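Please open the structure in a viewer and keep the selection tool at hand. The tour below proceeds stop by stop, stating what to select and what is found there.

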Amino acid sequence: MLLSVRVRVLSLNKLAVGAMLLFTTTGLRPVPFGAQEPPEDLTKASKARSGGAGTAGQEAGPPTHPNVEKGYFLFPIKPGKPNYLAGSMGELRPNHFHGGLDIKTDGRVDLPVYAAADGYISRMKQSSFGYGNVLYITHPNGLTTVYGHLNRFLGPVADQMRQKQYEKQTFELELFFSKDQFPIKRGDLVALSGNTGGSGGPHLHWEVRDAHDAQLNPLQWGGFDEIQDHVAPTIQAFAVEPLSIDARVNGRFDKAVLTPKQAVGPGVPVIWPDTINCFGTIGLQVQGFDRFDTAWNRNGLQRVEVRVNGQPTYQYVIDGVPFSDTRTISDHVDYEWQHTNGRTLEKLFVDDGNTLPIYTTGLTKGKLRVEDGKLYAVEVNLLDSYGNSTPLRFVLRGQQPTYYKTRSAAVRQPALRYEITRNILKVFAADPDTTRQSGNLTLLRDGRRLEVKPSYTVQSQNVYLYDLRAGLPDSLRFGRVAQRFNRQAMIPAGQEFAFSNNVLNLAFGPRTLFDTLYLQTSYKEGLWTIQSTRTPLFEALRMTLKPNEEIVDKERSAVYMINARGGRIYQGGKWDGNQITAPIKTFGSFRILTDTIPPSARLVSKSAAGVTFVVGDNLSGLASYRLLVNGQWRMLRYEYKNATLFTDKQDHTVPLAGDAELHLTDQAGNKKVLRFRI
């Protein structure tokens, strides 16, 4: 299908002066794309850590968080006794940094949860998702401790919550309190631990936050005697990646991922035996984990330092992460590599679009400029919150890239394929030609031609590099083989931008993208595909779909994401005529589906002590539920992990006796009523 596209696209008459480009006399005039990055100043040392979040690219260290004396906070689970963590501060999760400590609760619920310090209950929430049942206690020093995934609240505040839930006839409720309503003393029993919300097992999620809602590491003020850690981090792998068009790693424009030849353990230094040949602007990455004493589970790194030739060039310290920026984890790690190769590599440089204030770097933000003939001794140090450290050492040698060619008899027919890395178009041309120098690649746009020399040839695969910021081509040609370039627009990050064609509209906000996006969309038989899940979004993208056939039942029709296994995930949407707009948080494939089947419900048990249901929905998912007993609203709790609705045994507000009705409504508005007698 031919699509009419209305976007702003750079033309090929503005061309970057990149490595290995050869211009023909077709009227194109090259224009320099900009000054080369300055070399990394290895003489400037980063300032020492001051216990908090910093600003990337600044020479000064991170700003200091409030000073808290050791012992100010009481450990909230079994204080004074050995405890264990299931998760540490800053741990890498699929779409966020872990914002606190996950404290193990002996594999069960209802362990006592104690207030960490004097203060007052300032906020509480009951929810089936996220933090589940969560309590906030604000302290005189301005910090707030957060207690998540609770099974139940205790004391007068629990009565207040239940009273308000019955007034508003909803379980899902959040309340805020003034300083004088519910004062708390250090060590007061405030709740029982649980497994509610997005918890993957019984534990207490415990945080410390500041007045700006930054999540702070509770271990940064000296740790706790309840948590013992004499185990240093373990190094799993590291990587060296070319970041500029002239850059090479071992002669290629490829990320080199290097793993120790023998498995290493906690605290074991890794000294890479081989010198790594590089050139140009490169970035380092590392993969590792940490453990606490006598614990099997892997935890995250708290701090990583990089020195080159003895001088500090980069440091991150995860002692404070703004709650609003926690999704920036997708720019802290190599997101695409994680989703294609399954290995989570943390960047040891601050990439474009990364606004996290956890870094201390020089002017080049940790990126290294490697020059021909020079040696660079690199030391990467991995640390945990208790100061245990593990070093990684290797040597980079600057080596000017030169053209080379190796052949493979298996390549007998020419072929083309390409990929995009950052702003660089990387084209692979299978070339059976036996000449000493391979032929050029031709880029075409509006009848104009650009000839690109091969950068190198490996096993009869020519590699061509082109900076897409100079303009998007229409097609590529190698000999008699041609391929259309299927990226439709260059979408800049950090500003509003609109893309439109005859099947969809996309509205990008200033914080939608981390970096420049080379947009690829397609439509076929009711399936819209936008980019791929390997490209992260920071904030939601506003997507409008324009079906080519009239949708009859719009009230029950919505946008659904179709995952790789064919699963359908409700996205919602608002109709305007015959087009529907929905915010999406992930690129992927989407359909408009109509849900006409009401939810299902099965009564599992009933008695005066409580009732339990198993509920479900075939497509859009459950939106609301109501239990009426003799016409009176009776509160239910919803546990999505096992799809059950159940009454709270501690709730005796409305007796469970008489005629009852369970009312269910799904996201599409379909309703189900189950009538029974208790």
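## First stop: Val 270

Select Val 270 and display its surroundings: setting aside residues up to four places away in sequence, Val 270 touches Ile 235, Pro 260, Val 264, Pro 391, Leu 392 and Arg 393. Contact here means heavy atoms within 4.5 Å. The model is a predicted one, in which local features need pLDDT of at least 70, side-chain atom pairs count only at pLDDT 80 or more, and totals for chains, interfaces and linings use all residues. Residues are numbered from 1 along each chain as its sequence is written, and side-chain values use heavy atoms, with hydrogens and water left out.

Val 270 belongs to strand S16 (residues 270–271). Strands (E, at least two residues) and helices (H or I, at least four residues) are DSSP runs, numbered from the N terminus. With a relative accessible area of 5%, Val 270 is buried. The term buried denotes under 20% relative accessible area, exposed over 50%, and partly exposed in between (1.4 Å probe, protein chains only). Now add Tyr 136 to the selection: the C-alpha atoms of Val 270 and Tyr 136 are separated by 43 Å, and the two residues are 134 residues apart along the chain.

## The whole chain

Please zoom out to the full protein chain. How many helices and strands are in it? The protein chain has three helices and 53 strands. Its radius of gyration is 29 Å, close to the 26 Å given by the globule rule for 678 residues, so the chain is as compact as a globular protein of that length. The radius is taken over C-alpha atoms, and the globule rule is 2.2 Å times the number of residues to the power 0.38. Along the principal axes, the C-alpha trace spans about 90 × 65 × 40 Å.

Of the 678 residues in the protein chain, 52% are buried. Among contacts between residues at least 6 apart in sequence, 69% join residues at least 24 apart.

## Val 208

Next, select strand S11 (residues 203–209), in which Val 208 lies. Is Val 208 buried or exposed? At 0% relative accessibility, Val 208 counts as buried. Leaving aside neighbours within four places in sequence, its contacts include Phe 73, Leu 143, Thr 144, Thr 145 and Trp 221. For a distance to display, choose Thr 138: its C-alpha atom and that of Val 208 are separated by 9.6 Å, with the two residues 70 residues apart along the chain.

## Pro 112 and Arg 152

Proceed to Pro 112, which is found in strand S3 (residues 112–114). Pro 112 is partly exposed, at 33% relative accessibility. Beyond its neighbours within four places in sequence, Pro 112 is in contact with Pro 76, Ile 77, Leu 189, Ala 191 and Leu 192.

Keep Ala 191 and Leu 192 displayed and add Arg 152, which touches Ala 191, Leu 192, Asp 648 and Gln 650, not counting residues up to four places away in sequence. Arg 152 is found in strand S7 (residues 152–153) and is buried, with a relative accessible area of 17%. Which side chain is joined to that of Arg 152 by a polar contact? The partner is the side chain of Asp 648, at 3.3 Å. A polar contact is a pair of N or O atoms within 3.5 Å; within protein, one must be able to donate a hydrogen and the other to accept it, and residues adjacent in sequence count only if both atoms are side-chain atoms.

## Asn 486

Select Asn 486 in the loop between strand S33 (481–484) and strand S34 (489–491). At 34% relative accessibility, Asn 486 is partly exposed. Its side chain makes a polar contact of 2.5 Å with the side chain of Tyr 418. Ser 522 is 36 residues from Asn 486 in sequence and 9.3 Å from it in space, C-alpha to C-alpha.

## Two backbone angles

Most residues other than glycine have a negative phi. Lys 78, although not a glycine, has a positive phi of about 45°. Lys 78 is located in the segment before strand S1 (85–87).

The final selection is Gln 169, in the loop between helix H1 (156–168) and strand S8 (173–176). Gln 169 is not a glycine either, and its phi is positive, at about 55°. With 37% relative accessibility, Gln 169 counts as partly exposed.
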